[in-house]
Amino acid sequence: MASFHESTLKTDVSAELLIAHIVQIHTSVCKLESLRPSKQVNTLFTHLVKLCIPSSSIDITALPEETQLIRQSLITLCGKAEGLLELEFSTFLSKLPQPLNNLNLFPYYGNYVKLANLEYKILSDNGVVQPKKVAFIGSGPLPLSTLILATHHMKSTCFDNFDIDESANAAARQLVASDNELQRRVKFHTQDVMEVRDKLGEYDCIFLAALVGMNKVEKVKILGHVRKYMKKGGTLLVRSVKGARAFLYPVVEEEALLGFEVLTIYHPTNEVINSIILARKPVV
């Protein structure tokens with residue numbers, strides 16, 4: 001979920017009331033028979049996002065254990081629902097004559113465009129303009145970030161996309177197969193990033209999707225692994241969240257980037273959900 005469009009981003013909901021509403025939604029989601037796209041599923045998750053998007057003074061680290069468990073559960077549920085929505089649309093698009101010309105049929109396509117524009121600007125501002133080779137870890141069945149970057153910003157860059165789910169990669173390959181030029185530059189690998197070692201040293205820039213590493217321990221472990229094997233001087237773009245948005249995605253704290261030179265941390269206050277952390281592996 002790249003972002004969510006809400007014309008008025010209110011900031012006057014108290015933390016207590018916000019959490020109460022989120023807990024209610026979690027209870028309702030847990031009662032669903034399936035997380036596959038449906039009117040009920042879409043309504044519940046849309047309501048959740050509307051609650052979590054506005055700027056909030058909520059301190060996630062200070063939440064009681066029970067609320068932390070609900071938060072972790074929601075992140076997992078959101079991830080599953082997001083994956084099922086993307087798989088459904090990826091499969092649908094692949095059946096069209098020109099699937100890559102119809103990506104805008106995905107309801108959140110415009111939000112991914114905004115996120116890609118923002119990420120490319122941050123990369124460019126830090127000297128990463130046209131990298132030769134990029135890795136995207138956690139690309140999913142509908143790899144919109146890669147597709148938008150490859151077609152609108154990094155038009156000669158080669159992209160290696162990694163996902164642990166072969167069915168997701170199969171769906172993504174089917175989409176890209178409709179474009180010979182893009183198929184040459186965009187590849188998909190079914191592999192856990194923790195099993196990727198020397199190959200990480202090939203990339204000028206590595207993207208780490210928000211749902212790769214579902215909690216702090218996993219995220220720190222993955223970041224340490226990537227740092228160990230990526231090339232010196234290479235850049236790492238990590239997606240995180242701030243405030244109540246942490247009920248949707250895991251938070252990446254700056255201290256988790258031990259051994260990296262943190263170049264930029266950007267926390268959107270508008271409809272873009274994900275925060276962006278850009279870091280570099282020191283040359284020495």
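Trainee: What makes a residue part of the lining of the second largest pocket?

Mentor: A lining residue has an atom within 4 Å of a pocket point, and a pocket is an open set of points on a 1 Å grid where a 1.4 Å probe fits, with protein on both sides within 12 Å along at least five of seven lines. By that rule 29 residues line the second largest pocket, and Ile-60, Thr-61, Val-251, Val-252 and Glu-253 lie nearest its centre. Helix 3 and helix 8 each give two or more residues to this lining, helix 3 giving the most with four. The model is predicted: local features need pLDDT of at least 70 and side-chain atom pairs 80 or more, while totals for chains, interfaces and linings use all residues. Numbering runs from 1 along each chain as its sequence is written, and side-chain values use heavy atoms, without hydrogens or water.

Trainee: Which residues lie nearest the centre of the largest pocket?

Mentor: Gly-138, Gly-140, Asp-163, Leu-211 and Val-212, out of 44 lining residues. The largest pocket holds about 1,000 Å³, and the second largest has about 530 Å³. Helix 3 again leads the lining of the largest pocket, with eight residues.

Trainee: Why are the buried residues of helix 1 said to line one face?

Mentor: Leu-18, Ile-19, Ile-22, Ile-25, His-26 and Val-29 are buried (under 20% relative accessible area, 1.4 Å probe, protein chains only). Seen down the helix axis, these buried residues fall within an arc of 120°, taken from the directions to the C-beta atoms, so they line one face. They pack against helix 2 and helix 3. The face turned away carries Glu-16 and Gln-24, both exposed (over 50%).

Terms used. Contact = heavy atoms within 4.5 Å. Points joined across faces, edges and corners; volume = space filled by probe spheres on them.
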